[in-house]
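Colleague: Got a minute to go through this one with me? I'd like to start with the side chains.

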Amino acid sequence: MDFNMKKLASDAGVFFTRAVQFTEEKFGQAEKTELDAHFENLLARADSTKNWTEKILRQTEVLLQPNPSARVEEFLYEKLDRKVPSRVTNGELLAQYMLEAANDFGPGTPYGKTLIKVGETERRLGGAERDFIHSASINFLSPLRNFLEGDWRTISKERRILQNRRLDLDACKARLKKAKAAEAKAAAEHELRMAQTEFDRQAEVTRLLLEGISSTHVNHLRCLHEFAEAQATYYAQCYQYMLDLQKQLGRLPGTFVGNVESTSPPPATASPTAMAAATGPAVPTIPVVPTVVGAPNSAPTVEGLNPGDVKPPASGTRKARVLYDYQAADSSELSLLADEMITVYSLPGMDPDWLVGERGNQKGKVPVTYLELLS
């Protein structure tokens, strides 16, 4: 007990001495040992790394999980060292509602069939999102979090120790200056040498840790590449799923087609009308009238029509500009490339949502919604 009291008193004395030294430095009444420029640069680089890592980590968490309540829940599970429960993605939940609605309205109706197709695609999109979140969490978020909770805590601890060693060193320097008697000077010099040794040792430890920030950057660079790769894979999957859905919807009876206002090409393809307006006089176009396949008064369809076996009419052919890419579903259709020009015409009894398209010696059915008819 007596030993503990002496140690407590000694620690209190050291704390008081450091507090006095720190206060006098703030008021400019005491000298302060400055670190070399290289050491200061290492400190600034480490602080910058920590600050930006925190910001990138937090914003990536927001990107992967926009719901703040869900993020708080996941944080609590991690702190309690418990497994985070699996959560349904928004796309998967939307898919569930669409499929249930399809069953309620009738899976055989045009609306029900479309709900099923879109719902299945939303479920695939939700699954892709789940895979992306899992990959990003393991390969990107975890390394950033490990740095902040591991390496950075160690660096911060050693920096605090270095700060205390510097205060002890400067306090010893101040006592040496104030010492008058030879015995007091000798004691002060001895304390100064010990304090200088402790300071130099701690400065070297801290320097090594700070220089390790370069390795941290290399590690985070690798993780960033993996994050970008996972994100590219995710968006490529989503794009392919939507292309597949677009083709499926184009073949479903009773679905709206030809609505120019609601149908737009992928972002990478510029609107032909906008291009024409930017480069010269506007090209007059023939609007495509929205129709419903299978609606009353629509023209009868010809089953098994093969446009490749027929000749174009003597009159009635038109030029058309392709709005965006289209992959032919079978040999009776013609694949299209965005912005190309083709010749189109209609045949008696042909589905009004389709035209015959010609490109050189190639001929096949093309969907009207993918075309801009020119006069």
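Modeller: We can take aromatics, helix packing, the strands and the cysteines in turn. Keep in mind that this is a predicted model.

Colleague: How many aromatic pairs does a search of the whole structure find?

Modeller: Eight. Take Phe140 and Phe227 as one of them: their ring centres are 4.7 Å apart and the planes make an angle of 25°. Stacked means under 30 degrees, so that pair counts as stacked.

Colleague: Where do Phe140 and Phe227 lie?

Modeller: Phe140 is in helix α5, residues 110–178. Phe227 is in helix α7, residues 213–251. The two parts are 87 residues apart in sequence, so the pair ties them together.

Colleague: Phe140 first. Buried or exposed?

Modeller: Buried, at 5% relative accessibility. Phe227 counts as buried too, at 10%.

Colleague: Which residues form the aromatic cluster with Phe140 and Phe227?

Modeller: Phe132, Tyr234 and Tyr235 join them in one cluster.

Colleague: OK, the helices themselves. At what angle do the axes of α5 and α7 cross?

Modeller: Roughly 175°, and the axes come within 9 Å. Over 145 degrees is the cut-off for roughly antiparallel, so α5 runs roughly antiparallel to α7.

Colleague: What's in the contact of α5 with α7, by class?

Modeller: There are 21 nonpolar residues, ten polar and six charged.

Colleague: Back to rings. What about Tyr324 and Tyr370?

Modeller: They form a tilted aromatic pair. The distance is 4.7 Å centre to centre, with 40° between the planes.

Colleague: Which loops hold Tyr324 and Tyr370?

Modeller: Tyr324 is in the loop between β4 (318–322) and β5 (341–345). Tyr370 is in the loop between β7 (362–367) and β8 (371–374). Those parts are 46 residues apart in sequence, so this pair is a tie between them.

Colleague: Loop residues, then. Is Tyr324 buried or exposed?

Modeller: Buried, with a relative accessible area of 3%. For Tyr370 the value is 7%, so Tyr370 is buried as well.

Colleague: What else is in the loop between β4 and β5?

Modeller: Asp339, for one. Its phi is near 75°, a positive value in a residue other than glycine. Asp339 counts as partly exposed, at 35% relative accessibility.

Colleague: And β8? What does Leu374 look like there?

Modeller: Leu374 is in strand β8 and is buried, at 8% relative accessible area. The C-alpha atoms of Leu374 and Arg318 are separated by 6.8 Å. Along the chain, those two residues are 56 apart.

Colleague: Switching to charges over rings. Which ring does the charged end of Lys55 sit over?

Modeller: The ring of Trp52, at 4.6 Å from its centre. Lys365 is another case: it lies over the face of Trp354, 5.4 Å from the ring centre.

Colleague: Last topic. How many disulfides does the count come to?

Modeller: Zero. A disulfide would need two cysteine sulfur atoms within 2.5 Å.

Colleague: Cys223 and Cys238, then. What are their accessibilities?

Modeller: Cys223 has a relative accessible area of 0% and is buried. Cys238 is at 13% and counts as buried. The cut-off for buried is under 20%.

Notes. Residues numbered from 1 in each chain as written. Predicted model: local features only at pLDDT ≥ 70, side-chain atom pairs only at ≥ 80, totals over all residues. Heavy atoms only, no water. Phe/Tyr/Trp six-rings, centres within 6.5 Å; stacked < 30°, edge-to-face > 60°. Helix = DSSP H or I, 4+ residues; strand = E, 2+ residues; numbered from the N terminus. Buried < 20%, exposed > 50% of the residue type's maximum accessible area, 1.4 Å probe, protein only. Lys NZ or Arg CZ within 6 Å of the ring centre and 35° of its normal. Axes fitted to C-alpha atoms, helices over the stretch in contact; angles between N-to-C directions. Parallel < 35°, antiparallel > 145°, perpendicular 65-115°, else oblique. Nonpolar A, V, L, I, M, F, W, Y, C, P; charged D, E, K, R; others polar.
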